[in-house]
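This briefing covers the strands, the sheets and a few individual residues of the structure shown below. The points are grouped by topic.

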Amino acid sequence: MLIIAISSDSSTWSFGQVDVHVNEPPMITVRSPIEGVFNQTVIINASISDPDGNVTSIIWNQEDESGPINMNISQDKQSMAFIPTQNVTYVFSVEAIDDNGSATLESVQVNIGP
């Protein structure tokens, strides 16, 4: 983004440019199995970074309506494990928020059973 700055005093005018940094949102790459097995641990891995700052918050959510499951989120919050209790398609999202308030949301589906 470019902003034109104009200033003056009583006898002269000056014109200049001021470059304004545009915040880039966090980047998320989700790697997960497309299929899992009933009652066996499934691990979803995410690579989360911010190209021009720091990620300040990472939030995992279950988005499907199959009933809540216990999500075991790693200490660095870059992976999540769960044990499927139904033969359904589970949908999860991971959201990253950076130190300038920009957010990125990615979703992943995990199919369980036949």
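In this predicted model, strands β5 and β8 (residues 79-82) run antiparallel to each other and are joined by four bridges. Within that pairing, Asn45 has Ser79 of β8 as its bridge partner. The two strands belong to an open sheet of four strands, in the order β3-β5-β8-β7, with antiparallel pairing. β3 and β7 are at the edges with a single partner strand each, so one side of each has no neighbour in the sheet.

**The sheet β3-β5-β8-β7**

- Strand β3 (residues 27-31) pairs with β5 in the antiparallel sense, over five bridges.
- Val30 has Ala46 in β5 as its bridge partner.
- At the other edge, β7 and β8 form an antiparallel pair over two bridges.
- In that pair, Ile73 lies opposite Met80 of β8.
- Strand β5 covers residues 42-49, and its side chains alternate between two faces.
- On one face of β5, Val42, Ile44, Ala46 and Ile48 are buried.
- Ile43, Asn45, Ser47 and Ser49 point to the other face of β5 and are not buried.
- Ala46 thus appears twice here: its side chain is on the buried face of β5, and Ala46 is the bridge partner of Val30.

**The sheet β4-β10-β9-β6**

- Another open sheet of four strands has the order β4-β10-β9-β6, and its pairing is mixed.
- β4 (35-36) and β6 (55-62) are the edge strands, each with a single partner strand, so one side of each is left without a neighbour in the sheet.
- β6 pairs with strand β9 (residues 89-98) in the antiparallel sense, over seven bridges.
- Asn61 is placed opposite Ser93 of β9, and Val55 has Asp98 in β9 as its bridge partner.
- On to strand β10 (residues 103-112): β9 pairs with β10 in the antiparallel sense, over nine bridges.
- Val94 is placed opposite Glu106 in β10.
- β9 and β10 form a hairpin with four residues between the strands, where Gly101 adopts a positive phi near 90°.

**Ser93, in strand β9**

- Ser93 lies in strand β9 and is buried because its relative accessibility is 2%, against a cut-off of under 20%.
- The side chain of Ser93 makes a polar contact of 2.6 Å with the side chain of Glu63.
- Leaving out residues up to four places away in sequence, Ser93 touches Ile59, Trp60, Asn61, Glu63, Leu105, Glu106 and Ser107.
- Among those residues touched by Ser93 is Asn61, which also stands opposite Ser93 in the pairing of strands.

**Asp64, in the loop between β6 and β7**

- Asp64 sits in the loop that links β6 and β7.
- Which side chain of opposite charge is nearest to Asp64? The nearest is Lys77, at 20 Å, and Asp64 is buried with no salt bridge.
- Two polar contacts of the Asp64 side chain can be listed: one of 2.9 Å to the side chain of Gln62, and one of 2.4 Å to the side chain of Ser66.
- Asp64 also touches Thr89, Tyr90 and Val91, when residues up to four places away in sequence are not counted.

**The protein as a whole**

- The protein has 10 strands and zero helices, which gives the pattern β-β-β-β-β-β-β-β-β-β along the sequence.
- Of its 114 residues, 26% are buried.
- Among contacts with a separation of 6 or more, 54% are between residues 24 or more positions apart.

**Confidence**

- The protein has a mean pLDDT of 88, and 83% of its residues reach 70 or more.
- Confidence is highest in strand β7 (residues 72-73), with a mean of 98.
- Confidence is lowest in strand β1 (residues 2-8), with a mean of 51.
- Where pLDDT is low, predicted coordinates should not be read in detail.

Notes: Residues numbered from 1 in each chain as written. Predicted model: local features only at pLDDT ≥ 70, side-chain atom pairs only at ≥ 80, totals over all residues. Heavy atoms only, no water. pLDDT = per-residue confidence, 0-100. Buried < 20%, exposed > 50% of the residue type's maximum accessible area, 1.4 Å probe, protein only. Pairing = 2+ DSSP bridges. Lys, Arg positive; Asp, Glu negative; His and termini not counted. Salt bridge = Lys/Arg side-chain N within 4 Å of Asp/Glu carboxyl O. Polar contact = N/O pair within 3.5 Å; in protein donor to acceptor, adjacent residues only side chain to side chain. Contact = heavy atoms within 4.5 Å.
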